Amino acid sequence: MTRELPPKTRLVPDWRPLVLLAGTFVLKALVLSQLKDHPLAAPDAGLDTTAYVRLAEQVLAGNVGLGPGLYYVSPFYIYFLAALLGVFHSFTAVRVVQIALGTASVGFIFLMARRWFGARAAWIAALLAAFTGLFTFYEVLILQSSVDAFLTAAALWCLGAGVPAEAGNYKIEYAHRSVFLAGVIWGVQTLNRPNVLIAVLGVALVMLIVLRRVKPAALLVTGLVLGMAPVAIRNVVVSGEWTLVSSHGGLNFYIGNNPTATGFYQNVPGVTPSIVGQEKDTRRIASQALGRPATDAEASRYFFGLARTWIREHPADAARLFVKKFAFTFHAAHVPLPQSYAFFAYDTPGILRFSPSGRGS
């Protein structure tokens, strides 16, 4: 932990981080002004964006539960978008809120890095985040990725405020509220990105092993469960099925684990490559295989079953594929799905091409 400043110095506000955040917002606003009217970034451009817009419009029309089935996309952004459209009635206003949250994420990164590594590291980390074009690009889209950086940075800042800066210093009291709040934020983010659940459980396990304290890890997991609870309860009440988040997990798992899997997205025979098509076609395929109408949860379990069967019958191939996918996580190229950052950065005139960090290819 860095040493505190003398009392007189602490009373003097440090305006430099505020200037950084103001500049970050202006930079993001310039990107927004350049891309907001691009036809491929429009709300009716198709793919994920259009699906989220239509679901948000249903919520605003009174179908708050979006029943009777399970969600076929991650639900958090549906209600986030519906809430903002209900207040502002403008997609541009939604984008402005998103870049404001993106600016706040740079602030969280600065505070987190300063606490753990000092002022110099904080400035380096914040400047890199501010000039990461990939962050800004997704923040100006009507897409669930637009809030991921904010939720991740906010949760990490809370976690950093709730644990000692030195793992071996057990005399420092944990700020239990901060750890719990980190879990809640990550639970909410799990409703936006379900695979965050795996990462958070890993964080809790590391806390348990390294810090040798049960309570902080328990508080983190408790907050995680609380953040996820609303959708789990909704699924039981509205659809009558027990599912933590949404119904597309089985198909995604199968795409990554099957005889022709490459580690990248690929079309599944018989499944239309769109969100709405995936919802309908997966249920149709599962119904044909089961010989009866399949529910959303049953369709997801069907594809999970296909993937698990392949893994069990071909363990060597599955292991090689896992190593290949793990290696891809360290690859420098950004694989676009559904919108291509590389196209907007390098083939569309704008300031994204000058972003010195986060350059996709």
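Two residues are in contact here when heavy atoms of theirs lie within 4.5 Å of each other. With that in hand, the predicted model can be read from a single residue outwards.

Take Thr103, which sits in helix α5, the stretch covering residues 91–117. Leaving aside residues up to four places away in sequence, Thr103 touches Leu21, Thr24, Phe25 and Lys28. Is Thr103 buried or exposed? Its relative accessibility is 8%, and buried means under 20%, so Thr103 counts as buried.

One of the partners of Thr103, Lys28, is worth a closer look. Lys28 belongs to helix α2, which spans residues 16–35. Despite what its charged class might lead a newcomer to guess, Lys28 is buried, with a relative accessible area of 1%. And what does Lys28 touch? Again not counting residues up to four places away in sequence, the list runs to Ile99, Gly102, Thr103, Thr136, Glu139 and Val140. Ile99 makes a nice example of how the chain folds back on itself: Lys28 and Ile99 are 71 residues apart along the chain, yet their C-alpha atoms are separated by 6.2 Å.

Next comes a pair of helices. Helix α8 (residues 148–162) packs with helix α9 (residues 176–190), their axes 7 Å apart and at an angle of about 160°. Angles over 145 degrees count as roughly antiparallel, so that is how α8 runs relative to α9. The crossing of α8 past α9 is left-handed. On the α8 side, the contact is made by Asp148, Leu151, Thr152, Ala154, Ala155, Leu156, Cys158, Leu159, Ala161 and Gly162. On the α9 side, Ser178, Val179, Leu181, Ala182, Ile185, Trp186 and Gln189 take part. Sorted by class, the contact has 12 nonpolar, 4 polar and 1 charged residues.

Finally, the whole chain. How many helices and strands does the chain have? The count is 16 helices and 0 strands, with α2, α5, α8 and α9 among the helices. Of the 361 residues in the chain, 45% are buried, Thr103 and Lys28 among them. Looking at contacts with a separation of 6 or more, 66% of them join residues 24 or more positions apart. As for the outside, the chain exposes about 18,700 Å², and 67% of that comes from carbon and sulfur atoms.

Key:
Residues are numbered from 1 along each chain as its sequence is written. This is a predicted model: local features need pLDDT of at least 70, side-chain atom pairs count only at pLDDT 80 or more; totals for chains, interfaces and linings use all residues. Side-chain values use heavy atoms; hydrogens and water are left out. Helices (H or I, at least four residues) and strands (E, at least two) are DSSP runs, numbered from the N terminus. Buried means under 20% relative accessible area, exposed over 50%, partly exposed in between (1.4 Å probe, protein chains only). Accessible areas come from the Shrake-Rupley method with a 1.4 Å probe; for residues, only the protein chains shown count as cover. Axes are lines fitted to C-alpha atoms, for helices over the stretch in contact, and angles run from 0 to 180 degrees between N-to-C directions. Angles under 35 degrees count as roughly parallel, over 145 as roughly antiparallel, 65 to 115 as roughly perpendicular and the rest as oblique. A crossing is left-handed if the near helix is turned anticlockwise from the far one by less than a right angle, and right-handed if clockwise.
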